[in-house]
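Reader: Could you take one part of this model and go through it closely, setting it afterwards against the rest of the structure? I would like a connected account rather than a list.

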Amino acid sequence: MGIAAIGFGDLVRPDCIMDSLEASSREDALLRMATRLVESGYCRESFPAAILERERLHPSGLPMRGHKIAIPHTDAKHVRRSTILFARLDQPVEFLTMGSPDEPLQVRMISMFALREKHLVGRLLTTLIAVYQDHQVLEALLQAEDSREMFTILRRAVEKEGSES
Amino acid sequence: MRELKTVILNETGLHSRPADLFVRTAKLYASRITVHNGEKRADAKNILKVLLLNVSQGEEVRIVAEGEDAVEAIGDLKTLIESDFCRVNPAVDV
C-alpha cells in the first residue's frame, strides 16, 4: 500500500524522533540526522552528501512566526523507504531561509523527510508547513518530556492536517 | 501592470527547489508580485505563502506584477518557469 492511501501520519514513526540532538552547526545536525536514516535502512549511502549539497544550494529554514524550523530533504533516488525524521536540538543552530538565503534563522527543530514518491513532495511540504505554522504544536514539541511524547504530538498533528487538506 | 498565465510542468509543482528559485527571482524586483492558483493568491516574495498555495504539476497559475519593473519581473519569472526552474538570473546565486 502506498503512502497516498495510508496518509502522511504514518510517516511519523517512533524510531524517527530525536529528542535531544547535540550539533555544533547546521551541517553537523544534517549529517547526524542523515546518517541515522542510512543506518536505520531508510536511505541510501548517497543520502547524507545529497542533503548537505541541497541545503547549500537551496536552504530549508522556514521563517515562521515564533519558533523556527528547517525542513531539509533531497531527491527520491537517495531514499529506500519514506519517513519523516524529526529532531529537537539541545542548542539552536543557524540555518538560512528558503527563498531568502541572505537571511539567517536560529533553528531549534529540524523536520527532515525522505520521500520515495516524488509526486507527493508538494503535498507533504504543504502539510508539514501547515502543521508547523501552528505555534502551539511547535511549543508542545519543544516542551515535550521525551521522544515518545513528541511522537504522539507530531503524529496527531500531521494526521489532523492531512485529513483537512 | 503585467500578467502571465502559465502551466507548472515541474513534477514537484511550485514547491521545494522551484519555490525557492521562484521567490528568490521575484525578490529581485521592486514590483508587487502575486501568484494566483484558482481563487487563491499569494505574495510571490513570501515563501510560506507560495508553498501553501499548493500548486501541483499541471496546474495553471496567473502571475501579476505591478510596478516600474513589472515587465522585467514577468519576463524573468516566465523564463524561469519555462526553463523548468533552472537558474536564469545570475543575481540568484545558486
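Author: What follows looks closely at one helix of chain B, then at its surroundings, and then at chain A. The model is a predicted one, and the description should be read with that in mind.

The helix chosen is α3 of chain B, which runs over residues 70-82 and has 13 residues. From its first C-alpha to its last it reaches 18 Å, close to the 18 Å expected at 1.5 Å a residue. Six names make up its buried set, namely B:Ala73, B:Ile74, B:Asp76, B:Leu77, B:Leu80 and B:Ile81. When one looks down the axis of α3(B), these buried residues fall within an arc of 165°, so they line one face of the helix. As for what that face meets, the buried residues of α3(B) pack against β1 (2-7), α1 (16-26), β2 (32-37) and β4 (60-66), which belong to chain B. Just after the helix, B:Asp84 takes a positive phi of about 60°.

One of these partners, α1(B), deserves a look of its own. This helix is mostly covered, with 10 of its 11 residues buried; among them are B:Pro18, B:Leu21, B:Phe22 and B:Val23, and the list also includes B:Asp20 and B:Arg24. The cover over the buried residues of α1(B) includes β2, α2 (47-52) and α3 of chain B, together with α4 of chain A, and with that last element the account passes to the other chain.

The contact between the chains takes 15 residues from chain A and 18 residues from chain B. On the side of chain A that touches chain B, the largest share, six residues, comes from helix α4 (residues 121-132) of chain A. Sorted by class, that side of chain A has eight nonpolar residues, six polar and one charged.

Chain A itself comes to six helices and five strands, and along the sequence these follow the pattern α-β-α-α-β-β-β-β-α-α-α. Its radius of gyration is 14 Å, close to the 15 Å that the globule rule gives for 165 residues, so chain A is as compact as a globular protein of that length. Taken along the principal axes, the C-alpha atoms of chain A fill a box of roughly 40 × 35 × 30 Å, and 45% of the 165 residues count as buried. Among the contacts in chain A with a separation of 6 or more, 72% are accounted for by residues 24 or more positions apart.

Two residues of chain A add detail to this picture. A:Leu105, found in strand β5 (residues 100-114) of chain A, is buried, with 21 other C-beta atoms within 10 Å. Leaving aside residues up to four places away in sequence, A:Leu105 touches A:Gly61, A:Pro63, A:Lys68, A:Glu94, A:Phe95 and A:Thr97. From A:Gly61 it is 44 residues apart in sequence and 6.7 Å apart in space, C-alpha to C-alpha. A:Glu55, placed in helix α3 (residues 47-57) of chain A, is also buried, with 20 other C-beta atoms within 10 Å. With residues up to four places away again not counted, A:Glu55 touches A:Arg26, A:Leu30, A:Ser60 and A:Pro72, while A:Glu55 and A:Arg81, 26 residues apart in sequence, lie 21 Å apart in space, C-alpha to C-alpha.

Notes. Residues numbered from 1 in each chain as written. Chains lettered and ligands numbered in written order. Predicted model: local features only at pLDDT ≥ 70, side-chain atom pairs only at ≥ 80, totals over all residues. Helix = DSSP H or I, 4+ residues; strand = E, 2+ residues; numbered from the N terminus. Expected span 1.5 Å × (residues − 1). Buried ≥ 20, exposed ≤ 12 C-beta atoms within 10 Å, placed from the backbone. Arc of directions from axis to C-beta. Contact = placed C-beta atoms within 7 Å. Nonpolar A, V, L, I, M, F, W, Y, C, P; charged D, E, K, R; others polar. Rg over C-alpha atoms; globule rule 2.2 N^0.38 Å.
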